[in-house]
Amino acid sequence: MNITLIIFPGSDKERLAEAFEIRREVFIEGQGIAEAIEIDGLDPEAVHFLMRCDGKAVGTCRVREVENGIWKLERFSIRKPYRGMKLGTRLLEFVESQARNKGIYRIIMNAQLSASGFYLKAGYVKDSEEFEEAGIIHIKMYKDLLL
């Protein structure tokens, strides 16, 4: 399996379309999240990540610098047929390495409760009580990065 990891700005319409295709499949069709919530208008200001396996777009996420030195990880998704293959771990590790390279010292997120175990294994810490967002139970999490 040939894996390619790409970083691109929200202004890259072609790659953003690939990311939207994954997000539509995972969040809108798979979880029933309203398109107006999923496509929230914040993509142009974000840095995006795209994972391809053998040329096919299979995973994506975006980050936004919400405070100096802090990235918020959002829209992290892997297409269902590619789950359980450690691709999410590879994508997350790539995001973290890029964060360190840019002087980012903390990554925060609102993680779906069902995915919190994945993030806990990756060293993230729960930082809130459970709360509802887009009709799904979430929890705030963070990870401090060693620079």
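**Figure 1. The charged end of R106 meets the ring of Y142.** In this predicted model, the charged end of R106 sits over the ring of Y142, 4.2 Å from the ring centre. Strand β5 covers residues 106-112 and strand β8 covers residues 136-144. These two strands pair in the antiparallel sense, over seven bridges. While you are looking at Y142, note its bridge partner in β5, which is I108.

**Figure 2. F76 and F118 form a tilted pair.** The structure holds six aromatic pairs, and this view picks out one of them. The ring centres of F76 and F118 are 5.9 Å apart and the planes stand at 40 degrees, so the pair is tilted. F76 belongs to strand β4 (residues 70-78) and F118 to helix α4 (residues 116-121), so the contact ties together parts that are 42 residues apart in sequence. How do the two rings compare in exposure, buried or partly exposed? F76 is buried, with a relative accessible area of 15%, whereas F118 is partly exposed at 29%.

**Figure 3. F118 and Y119 meet edge-to-face.** The rings of F118 and Y119 have their centres 5.0 Å apart, with planes at 70 degrees, so this pair counts as edge-to-face. Y119 is buried, with a relative accessible area of 6%. Step back a little and you can follow one aromatic cluster, formed by F76, F118, Y119 and Y124.

**Figure 4. The largest nonpolar core has 27 residues.** Which residues have the most contacts inside this core? They are F49, W71, L73, V95, I107 and Y119. Two or more residues each come from β2 (47-53), β3 (56-67), β4, α3 (87-101), β5 and β8. Helix α3 gives the largest share, six residues. A second, separate core of 11 residues includes I6, F8, A19 and V26. As background, nonpolar side chains in soluble globular proteins tend to be buried together.

**Figure 5. L73 and its contacts.** Leaving aside residues up to four places away in sequence, L73 touches C61, R62, V63, L92, V95, I107, I108, M109 and Y119. L73, V95, I107 and Y119 are also among the residues with the most contacts inside the largest nonpolar core.

**Figure 6. β4, α3 and β5 make a right-handed β-α-β unit.** The two strands of this unit, β4 and β5, run parallel and are joined by four bridges. Across this pairing, K72 stands opposite I108 in β5. Five of the seven residues of β5 are buried, so this strand is largely enclosed by the rest of the structure. I108 deserves a second look here: besides standing opposite K72, I108 has Y142 as its bridge partner in β8.

**Figure 7. Two hairpins involve β3.** In the β2–β3 hairpin, two residues lie between the strands, and D54 in the turn has a positive phi of about 50 degrees. Seven bridges hold this antiparallel pairing, and H48 stands opposite R62 in β3. The β3–β4 hairpin also has two residues between its strands, and here G69 in the turn has a positive phi of about 85 degrees. β3 and β4 run antiparallel and are joined by seven bridges. Where does R64 find its bridge partner in β4? Look at K72, the residue that stands opposite I108 in β5.

Notes
Residues are numbered from 1 along each chain as its sequence is written. This is a predicted model: local features need pLDDT of at least 70, side-chain atom pairs count only at pLDDT 80 or more; totals for chains, interfaces and linings use all residues. Side-chain values use heavy atoms; hydrogens and water are left out. Rings of Phe, Tyr and Trp (its six-membered ring) pair if their centres lie within 6.5 Å; planes under 30 degrees apart count as stacked, over 60 as edge-to-face and the rest as tilted. Buried means under 20% relative accessible area, exposed over 50%, partly exposed in between (1.4 Å probe, protein chains only). A charge sits over a ring if NZ of Lys or CZ of Arg is within 6 Å of the ring centre and within 35 degrees of the ring normal. A nonpolar core is a set of buried Ala, Val, Leu, Ile, Met, Phe, Trp, Tyr and Cys residues joined through side-chain atoms within 4.5 Å. Contact means heavy atoms within 4.5 Å. Two strands pair if DSSP finds at least two bridges between them. A crossover is right-handed if, with the strands pointing away from the viewer, the path from the first strand over the helix to the second runs clockwise.
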